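Visitor: I'm new to this. Could you walk me through the model?
Guide: Sure. Let's put it on screen.

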Amino acid sequence: MDIKNVTHVDNVKLRDDGQAVVILDQSLLPGRTEYAELEKPQEMYDAIGKLRVRGAPAIGICAAYCMYVLAARRGKCDNFLQELHKDGDFLKSSRPTAVNLKWAVDRILKVADSIADESWDKILETLRKEAVTIQEEDMAMCFKISEYGLSVIKEGDGILTHCNAGPLATSRYGTALGPILLAKERGINVKVFADETRPLLQGARLTAYELDKAGVDVTLICDNMASSVMSRGWIQACFVGCDRVAANGDTANKIGTSGVAILAKHYGIPFYVLGPTSTIDLECRTGADIPIELREAEEIKKMFFREPSSPESVKCYNPAFDVTDHSLITGIITENGIAYPPFEESLKRMSNVQDATFL
Ligand code: MRU
């Protein structure tokens with residue numbers, strides 16, 4: 001099966017009978033377009049942990065549907081809430097950095113807690129609706145982020161992006177790729193340079209794939225070529241996604257993002273982070289409070305190589321994310337507008353939080 005229109009891919013959805021979550025398996029793209037059905041907690045945990053579903057918003061949406069499916073499959077029982085909280089804790093432990101996962105699971109749990117005395121049918125229907133609402137809200141948010149992002153793009157601009165923050169990672173348009181896809185639809189021509197994004201190649205496998213399908217002018221580069229294209233004057237802005245934004249604007253995103261931001265500063269290129277307000281975590285004061293996921297050595301040495309790229313005995317350090325210091329970020333583009341420094345104030349405004357006690 002082939003994907004015709006990248007802005008209308010159902011990357012995460014509920015099976016018609018409500019007994020499984022269906023995901024487009026991103027780990028197989030671009031070579032194979034296959035869907036996987038998740039019914040059991042371990043399958044769900046593995047799908048998130050092994051990046052078969054990935055991208056902060058998509059992980060959150062998937063987890064919300066998973067919570068509904070687990071409730072529906074278990075059926076009515078006396079300790080329903082206790083079991084659902086256990087499921088939630090298990091799913092939340094599958095990946096630590098993207099706050100959307102915790103945010104979506106906690107949102108479902110909060111609803112479940114508030115309607116625990118209702119009939120079983122009402123409980124299930126309410127949980128299903130909440131998961132659908134999370135996905136619908138994400139579609140609307142991505143579109144608004146795309147509009148705000150488009151406001152900083154000009155005809156002919158060169159844009160560098162890292163990792164994948166497109167439709168596959170979200171709903172419909174994506175975050176960092178949203179303005180680019182919208183520009184294309186509106187006849188504004190931009191040239192995109194996609195970092196391949198070692199070690200899991202989200203840039204090569206997913207970003208280049210999505211943009212190419214959409215007819216956007218995209219050029220793939222290795223991560224260590226970003227400085228070279230910037231120095232030639234080919235890049236007018238960097239657009240990246242985010243997995244968690246701390247209260248001071250420090251931003252966790254795919255490993256390598258902070259290096260791109262440092263280069264952008266050196267060359268005087270604006271560096272924008274794009275993401276929904278659900279990715280802002282005001283409980284993290286700074287990036288130092290954001291947990292960073294460490295992954296297996298084999299992703300560096302063996303995946304995508306015909307032969308291991310390094311001796312078996314060599315140690316690897318494989319952090320999946322890094323933190324970009326807020327001082328390197330020009331603006332954080334959310335569905336509520338563009339937050340500019342000082343981020344402590346602007347992010348609070350964007351999140352509509354008036355009474356954060358730690359500030
Ligand atoms: O490890 P991944 O592929 O889940 O990392 C994804 C990213 O870093 C994305 O940039 C981020 O989740 C934003 S997706 C809109």
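Guide: One term before we start: Ala, Val, Leu, Ile, Met, Phe, Trp, Tyr, Cys and Pro count as nonpolar, Asp, Glu, Lys and Arg as charged, and the others, Gly among them, as polar.
Visitor: Okay. Anything I should know about the model itself?
Guide: It is predicted, so local features need pLDDT of at least 70, side-chain atom pairs count only at pLDDT 80 or more, and totals for chains, interfaces and linings use all residues. Residues are numbered from 1 along each chain as its sequence is written, and side-chain values use heavy atoms, with hydrogens and water left out.
Visitor: What lines the second largest cavity, by class?
Guide: Seven nonpolar, three polar and one charged residues. Among them are Trp103, Asp138 and Ser278. A cavity is a set of points on a 1 Å grid over the protein atoms alone where a 1.4 Å probe fits but cannot get out; lining residues have an atom within 4 Å of a point.
Visitor: What's its volume?
Guide: The second largest cavity has about 70 Å³. A volume is the space filled by probe spheres set on the points, which are joined across faces, edges and corners.
Visitor: Which helices help line it?
Guide: H2, H4 (99–114) and H5 each supply at least two residues to the second largest cavity. Helices (H or I, at least four residues) and strands (E, at least two) are DSSP runs, numbered from the N terminus.
Visitor: And the largest cavity?
Guide: Its volume is about 200 Å³. Its lining has 23 residues, and Arg54, Gly55, Ala56, Asn164 and Asp243 are the closest to its centre. H2 gives the most, with three residues.
Visitor: New topic. Where is Glu130?
Guide: Glu130 sits in helix H5, residues 120–150.
Visitor: Is Glu130 buried or exposed, and why?
Guide: Glu130 counts as buried because its relative accessibility is 17%. Buried means under 20% relative accessible area, exposed over 50%, partly exposed in between (1.4 Å probe, protein chains only).
Visitor: What does its side chain join up with?
Guide: The side chains of Glu130 and Arg107 share a polar contact of 2.8 Å. That term means a pair of N or O atoms within 3.5 Å; within protein, one must be able to donate a hydrogen and the other to accept it, and residues adjacent in sequence count only if both atoms are side-chain atoms.
Visitor: And Arg172, what does its side chain reach?
Guide: The backbone oxygen of Val9, at 3.3 Å. Arg172 lies in the loop between strand E4 (158–161) and helix H6 (178–185).

Technical notes:
1 Å grid on protein atoms, 1.4 Å probe; cavity = no way out; pocket = protein on both sides within 12 Å on 5 of 7 lines; lining within 4 Å.
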